[in-house]
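Me: I would like to go through this model and ask, for each term, what justifies its use. Please set the values against the definitions as you answer.

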Amino acid sequence: MAEIGRFIVFEGIDGAGKTTQVELLAKHLRSLGREVSLSAEPTTLESGKAIRRALSGAEKKSECQMAAMFVLDRIAHNIDEEIGIRALTEKGIDVISDRYYYSSLAYQGAATDYGWVKQMNIGSPEIRRPDLCIYLDLLPEQSLERISRGRESVEIYENLEKLTSVRNTFLSVIEDLRAEGESIYIVDANRAPDEIAREIASIVDKHI
Ligand code: TMP
């Protein structure tokens with residue numbers, strides 16, 4: 001039987017460098033002869049496009065509606081027959097995702113009811129737990145500086161107060177899910193990308 005692929009998630013507040021590190025880890029895994037597929041949430045599926053419209057402010061949604069939309073998109077991310085995590089890992093392909101349910105627990109968990117958001121996500125039979133989560137840790141001030149350097153438009157979640165509260169929530173989400181046995185690593189993201197990538201590669205090597 002073919003080996004089952006691993007499902008690895010990157011998390012962090014905006015500007016933490018997730019996109020870069022996802023790519024560098026993919027390069028590392030491919031150099032080991034593994035097949036890798038990159039994904040992200042919100043996804044490129046219809047459910048993800050609806051979230052992008054809401055995030056841009058084009059379609060106003062309540063915080064509870066947002067929490068439910070992220071769950072819907074996450075289920076699609078799991079079960080889609082072409083780009084779904086289940087289908088790909090069953091083929092032996094590693095899937096690396098930029099964001100997953102940790103983001104919902106941090107953002108929507110803080111904005112609505114943590115227990116409700118957690119139950120919708122962790123309790124869903126169609127939302128799997130990752131094999132590994134890498135949390136790229138950056139102070140909110142460092143995050144805002146990076147965001148304002150690199151982008152023209154700032155989305156609704158990106159202000160200092162919000163980033164501080166989201167980071168704090170992320171750290172408690174990590175504690176909560178570690179207590180349930182999840183493998184989550186906190187990596188200092190305020191360093192050169194290749195230095196961060198080396199640390200991540202050594203963590204991932206122990207899990208594949
Ligand atoms: P990004 O493409 O920069 O990661 O933007 C996605 C935004 O969506 C980001 O601000 C975080 C937010 N988000 C949530 O609020 N909940 C979620 O479950 C996910 C996946 C993202």
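Me: What makes a residue part of the group that surrounds the ligand, and which are the closest?

Reply: A residue counts as near a molecule if one of its heavy atoms lies within 4 Å of it, and 14 residues surround the ligand in this way, the closest being Arg52, Arg74, Arg99, Ser104 and Gln108. This is a predicted model, in which local features need pLDDT of at least 70 and side-chain atom pairs count only at pLDDT 80 or more, whereas totals for chains, interfaces and linings use all residues. Residues are numbered from 1 along each chain as its sequence is written, and side-chain values use heavy atoms, with hydrogens and water left out.

Me: How do you know that Ser104 makes a polar contact with the ligand?

Reply: A polar contact is a pair of N or O atoms within 3.5 Å (within protein, one must be able to donate a hydrogen and the other to accept it, and residues adjacent in sequence count only if both atoms are side-chain atoms). A polar side-chain atom of Ser104 lies 2.5 Å from an oxygen atom of the ligand, so the pair meets that limit. For Arg52 the distance from a polar side-chain atom to a ligand oxygen is 2.9 Å, and an N or O atom in the side chain of Gln108 is 2.8 Å from a nitrogen atom of the ligand. Of the 480 Å² that the ligand exposes when taken alone, the protein buries 92%, with areas from the Shrake-Rupley method and a 1.4 Å probe (for residues, only the protein chains shown count as cover).

Me: Which helix supplies the largest share of the shell around the ligand?

Reply: That helix is α5, with four residues; helices are DSSP runs of H or I with at least four residues, strands are runs of E with at least two, and both are numbered from the N terminus.

Me: Why are β2 and β5 called edge strands?

Reply: Two strands pair if DSSP finds at least two bridges between them, and the five strands form an open, parallel sheet in the order β2-β3-β1-β4-β5. Both β2 (36-40) and β5 (184-188) have a single partner strand, so one side of each is left without a neighbour in the sheet. The pairing of β4 (residues 132-137) with β5 rests on five bridges, and Asp137 stands opposite Asp188 in β5.

Me: What makes Pro42 and Arg99 worth a second look?

Reply: Most residues other than glycine have a negative phi, and most peptide bonds are trans. A cis peptide bond, with omega about -5°, joins Glu41 and Pro42, and Pro42 is in the loop between β2 and α2. Arg99, in the loop between β3 and α5, has a positive phi near 85°.
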